Structures are given as C-alpha cells and as structure tokens.
Amino acid sequence: MIKIRPVSDLRNKFPEIEKIVNKGNPVYLTKNGYGSMVVLSLKQYEELVQDIEFKLDEADIQAQKTDVRYKHKDVFNRIRKRVKK
C-alpha cells in the first residue's frame with residue numbers, strides 16, 4: 001500500500017516514517033497537497049541506481065578504448081528509433 005504523508009511528518013514523526021521505510025516501503029511526502037519527495041531506505045536507493053551506475057561504468061570503460069565520439073543528436077535519434085519499434 002502506498003504511504004503518502006505530509007512533509008511535516010518527516011520532522012514530527014520521524015521514527016514512524018523510518019519504520020515504514022526500513023520495512024522496504026517508500027514514503028511519498030506532500031507539501032501543501034502536492035507531491036514533494038520520496039523517502040527510501042539506502043538499500044532501496046542502491047537497488048534503484050545500481051544498474052545505472054553499472055552502465056555508466058561500462059560506458060566509461062568503452063570510451064577509454066576508442067576515440068569514436070557521437071553527437072548527442074545522433075545518439076538520441078538512435079534511441080528514438082529503438083523506442084518506436
């Protein structure tokens with residue numbers, strides 16, 4: 001179940017928010033009725049960015065092996081073609 005709380009709960013009810021997050025559930029915080037931020041455990045955050053970090057490391061290694069560089073326009077055009085398939 002999605003947990004939505006006012007951002008003031010982060011200050012006023014931190015232990016409660018911490019328990020929810022440590023159980024593996026993100027907490028969505030609102031400010032003045034609008035979405036403001038999401039609180040995740042470190043483990044959840046690491047899982048979220050782990051693949052991205054790995055791919056960036058791969059790209060760095062590949063870039064060191066070659067002098068070939070692509071313009072951003074070419075890269076995004078290739079991505080758009082793949083997404084449309």
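In this predicted model, the residues Ile2, Ile4, Tyr28, Val38, Leu40, Tyr45 and Leu48 form a nonpolar patch on the surface, and together they have about 690 Å² of accessible area. One member of the patch, Leu40, lies in the loop between β3 (34–39) and α3 (42–65). Leu40 counts as partly exposed because its relative accessibility is 31%, and the range for that class runs from 20% to 50%.

**The nonpolar core**

In soluble globular proteins, nonpolar side chains tend to be buried together. Here the largest nonpolar core has 6 residues, namely Ile17, Ile20, Val21, Val27, Leu29 and Val39. At least two residues of this core are supplied by each of two elements, α2 (14–22) and β2 (27–31), and the largest share, 3 residues, comes from α2.

Which residues does Val21 touch, if those up to four places away in sequence are not counted? Val21 is in contact with Val27, Val39, Leu40, Ser41 and Gln44. Among these, Val27 and Val39 are also members of the core, whereas Leu40 belongs to the nonpolar patch on the surface.

**The strands**

The strands β1 and β2 pair in the parallel sense, and 4 bridges are found between them. In this pairing, Ile4 stands opposite Tyr28, a residue of β2, and both Ile4 and Tyr28 also appear in the surface patch. On the other hand, β2 and β3 run antiparallel and are joined by 5 bridges, with Thr30 standing opposite Gly35 in β3. The hairpin that β2 and β3 make has 2 residues between the strands, and in this hairpin Asn32 takes a positive phi near 55°.

**The salt bridges**

Side chains of opposite charge can pair when their charged atoms come close. How many salt bridges does a search of the whole structure find? The search finds 3 salt bridges, and the table gives the N to O distance for each pair.

| Salt bridge | N to O distance |
|---|---|
| Arg5 and Asp9 | 2.9 Å |
| Arg5 and Glu16 | 2.5 Å |
| Lys55 and Glu58 | 3.7 Å |

The salt bridge between Glu16 and Arg5 links distant parts of the chain, since Glu16 is in helix α2 and Arg5 is in strand β1 (residues 3–6), with their positions 11 residues apart in the numbering. Is Arg5 buried or exposed? Arg5 counts as buried because its relative accessibility is 14%, which is under the 20% limit for that class. Asp9, its partner in another salt bridge, is buried as well, whereas Glu16 is partly exposed, with a relative accessible area of 39%.

The salt bridge of Lys55 with Glu58 lies within helix α3, where these residues are separated by about one helical turn because they are 3 residues apart. Lys55 is exposed, with a relative accessible area of 52%, while Glu58, at 36%, is partly exposed. Salt bridges that share partners also join Arg5, Asp9 and Glu16 into one network.

**Drawing the parts together**

Helix α2 and strand β1 can each be followed through several of these features. Helix α2 gives 3 residues to the largest nonpolar core, and Glu16 in this helix is joined by a salt bridge to Arg5 in β1. Strand β1, in turn, pairs with β2 in the parallel sense, and β2 is joined to β3 in the antiparallel sense.

How values were computed
Residues numbered from 1 in each chain as written. Predicted model: local features only at pLDDT ≥ 70, side-chain atom pairs only at ≥ 80, totals over all residues. Heavy atoms only, no water. Core = buried A, V, L, I, M, F, W, Y, C linked by side-chain atoms within 4.5 Å. Buried < 20%, exposed > 50% of the residue type's maximum accessible area, 1.4 Å probe, protein only. Contact = heavy atoms within 4.5 Å. Patch = residues over 30% accessible without salt bridge, like charges linked within 9 Å, V, L, I, M, F, W, Y side chains within 5 Å. Areas by Shrake-Rupley, 256 points an atom, 1.4 Å probe, with all protein chains shown as cover. Salt bridge = Lys/Arg side-chain N within 4 Å of Asp/Glu carboxyl O. Pairing = 2+ DSSP bridges.
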